[in-house]
Amino acid sequence: MPLAEHLGPVRPYLDELIDRHPGGALRVLPTPVRYEFAANWKVSWDNAADGIHATFAHRSYNLLGKEAETDTVLARNPAATPMVSRAFPRGHSVVDQRPGIPDGPWATMRPLPTSDELVAALQERGESHLLDLATGSMLNVNVFPNLIFVGNQLMVVEPVAVDRTRVTMYLVLAPGAPEEVDLLRLRVDEDFVSFGTPDDLEMFERVQTGLAIEEDEWIDTSRGAALDVVEQNGADDGADDGGTAVEEAARRYGEIVRGDIATEAPVRGYLREWTRLMTEPAELTGRRGVPERERV
Ligand SMILES: [Fe+2]
């Protein structure tokens, strides 16, 4: 199907990620970080929209923040913040942390190598407002089945085997911004990938080990179901558009489920889509035989 149709209601969120860059210009750095883990690709998808694991799975990362007397987003109680999670048709989801960080993304950052000089340079030129552009948007956009936009990184998830997955993380730069912004992005990018991602990888492999236990046949993914709100008739998403993007999307594409960031609505949503794809006959179109011009 056409890309716009596949994206559906997640498209306005992608637009937001792009439009925050001056001139709408993005540069994908052609030197990605690659890693593999010994678990099914779906555990990374479970992780992508899960706000509840961060407090304990990333405890060491959070403690690093505490050492610097910096309150990180992850150190807070995820279910008690005004952050929002949304599950869309076709398995897409977003986690919007912005309502939980009124002081803006940069205020959540701890000091990083060389960041003092870069920040000072921006401040001297009266460009402190660009510091929020140096961090991620605090809007995670997960495009089913394999594209995750988190922070300023594009993650591509590739299944290698039933118990092996390859992830490629591309850093996205802002060529329309002063170079200090991109240099800070490099430092911000290293921070979580170095001190947080290893936690997730450890969890992924432990989950896979747990899944292999035959006696445990089922996984409960009902968390949040009783509290989730179905936005079928549209609702204000807090964006400047007065909620029209969500309303329009709900009208055109059907059910959008909103919850706090501890809900498993995104997990239920993508598994529903995965099940549909795995069980419905594929719509294949093609032509039999060799095209006329290639016949001899
Ligand atoms: Fe994580």
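**Exercise 1. How many nonpolar, polar and charged residues does the lining of the largest pocket have by class?**

Solution. The structure is a predicted model, in which local features need pLDDT of at least 70 and side-chain atom pairs count only at pLDDT 80 or more, while totals for chains, interfaces and linings use all residues. Residues are numbered from 1 along each chain as its sequence is written, and side-chain values use heavy atoms, with hydrogens and water left out.

Step 1. Fix the term: on a 1 Å grid over the protein atoms alone, a pocket is an open set of points where a 1.4 Å probe fits, with protein on both sides within 12 Å along at least five of seven lines, and lining residues have an atom within 4 Å of a point.

Step 2. Fix the classes: Ala, Val, Leu, Ile, Met, Phe, Trp, Tyr, Cys and Pro count as nonpolar, Asp, Glu, Lys and Arg as charged, and the others, Gly among them, as polar.

Step 3. Apply them: the lining has twelve nonpolar, five polar and eight charged residues.

Step 4. Locate the lining: it consists of 25 residues, and V43, D46, V207, I219 and E264 lie nearest the centre of the pocket. Two or more lining residues come from each of α3 (41–48), α9 (197–211) and α11 (265–279); helices (H or I, at least four residues) and strands (E, at least two) are DSSP runs, numbered from the N terminus. Helix α9 gives the largest share, seven residues.

Step 5. State the volume: the largest pocket holds about 760 Å³ of space, a volume being the space filled by probe spheres set on grid points that are joined across faces, edges and corners.

**Exercise 2. Describe the second largest pocket and the cis peptide bond between two of its lining residues.**

Solution. Step 1. The space in the second largest pocket is about 370 Å³.

Step 2. Its lining includes M1, H6, R90, F144, P145 and E273. By class, six of the lining residues are nonpolar, one is polar and five are charged. Helix α11 contributes the most, with three residues.

Step 3. F144 and P145 are joined by a cis peptide bond with omega of about 5°. P145 is placed in the loop between β5 (139–143) and β6 (147–150), and F144 is in the loop between β5 and β6.

Step 4. F144 has a relative accessibility of 3% and counts as buried; buried means under 20% relative accessible area, exposed over 50%, and partly exposed in between (1.4 Å probe, protein chains only). The C-alpha atoms of F144 and H92 are 5.0 Å apart, although 52 residues separate the two along the chain.

**Exercise 3. Which atoms coordinate the iron ion, and how is the geometry of the site classified?**

Solution. Step 1. Donors are N, O and S atoms within 2.8 Å of the metal (3.2 Å for Na, K and Ca); water is not among the atoms, so sites may look incomplete.

Step 2. The iron ion is coordinated by NE2 of H53, NE2 of H58 and two OD donors of D200, at 2.1 to 2.5 Å. Along the chain these donors follow the spacing H-x4-H-x141-D.

Step 3. The angles among the four donor atoms run from 55 to 144°, and the site is irregular. Four donors count as tetrahedral if all angles lie between 85 and 135 degrees; four count as square planar and six as octahedral if opposite donors are over 155 degrees apart and all others between 65 and 115; anything else is irregular.

Step 4. Check burial: H53 is buried at 12% relative accessible area, and H58 is buried at 1%.

**Exercise 4. Which residues have the most contacts inside the largest nonpolar core?**

Solution. Step 1. A nonpolar core is a set of buried Ala, Val, Leu, Ile, Met, Phe, Trp, Tyr and Cys residues joined through side-chain atoms within 4.5 Å.

Step 2. The largest such core has 18 residues, and Y35, F37 and V167 have the most contacts inside it.

Step 3. The elements giving two or more residues to this core are β2 (33–37), α3, β7 (153–161), β8 (164–173), α9 and α11. The largest share, four residues, comes from α3.

**Exercise 5. Where are T114 and M138 found, and what is the phi of each?**

Solution. Step 1. T114 lies in the loop between β4 (93–96) and α6 (115–124); its phi is near 65°, a positive value in a residue other than glycine. T114 counts as partly exposed, at 40% relative accessibility.

Step 2. M138 lies in the loop between α7 (131–134) and β5, and has a positive phi of about 65° although it is not a glycine. M138 counts as buried, at 13% relative accessibility.

Note on methods
Points joined across faces, edges and corners; volume = space filled by probe spheres on them.
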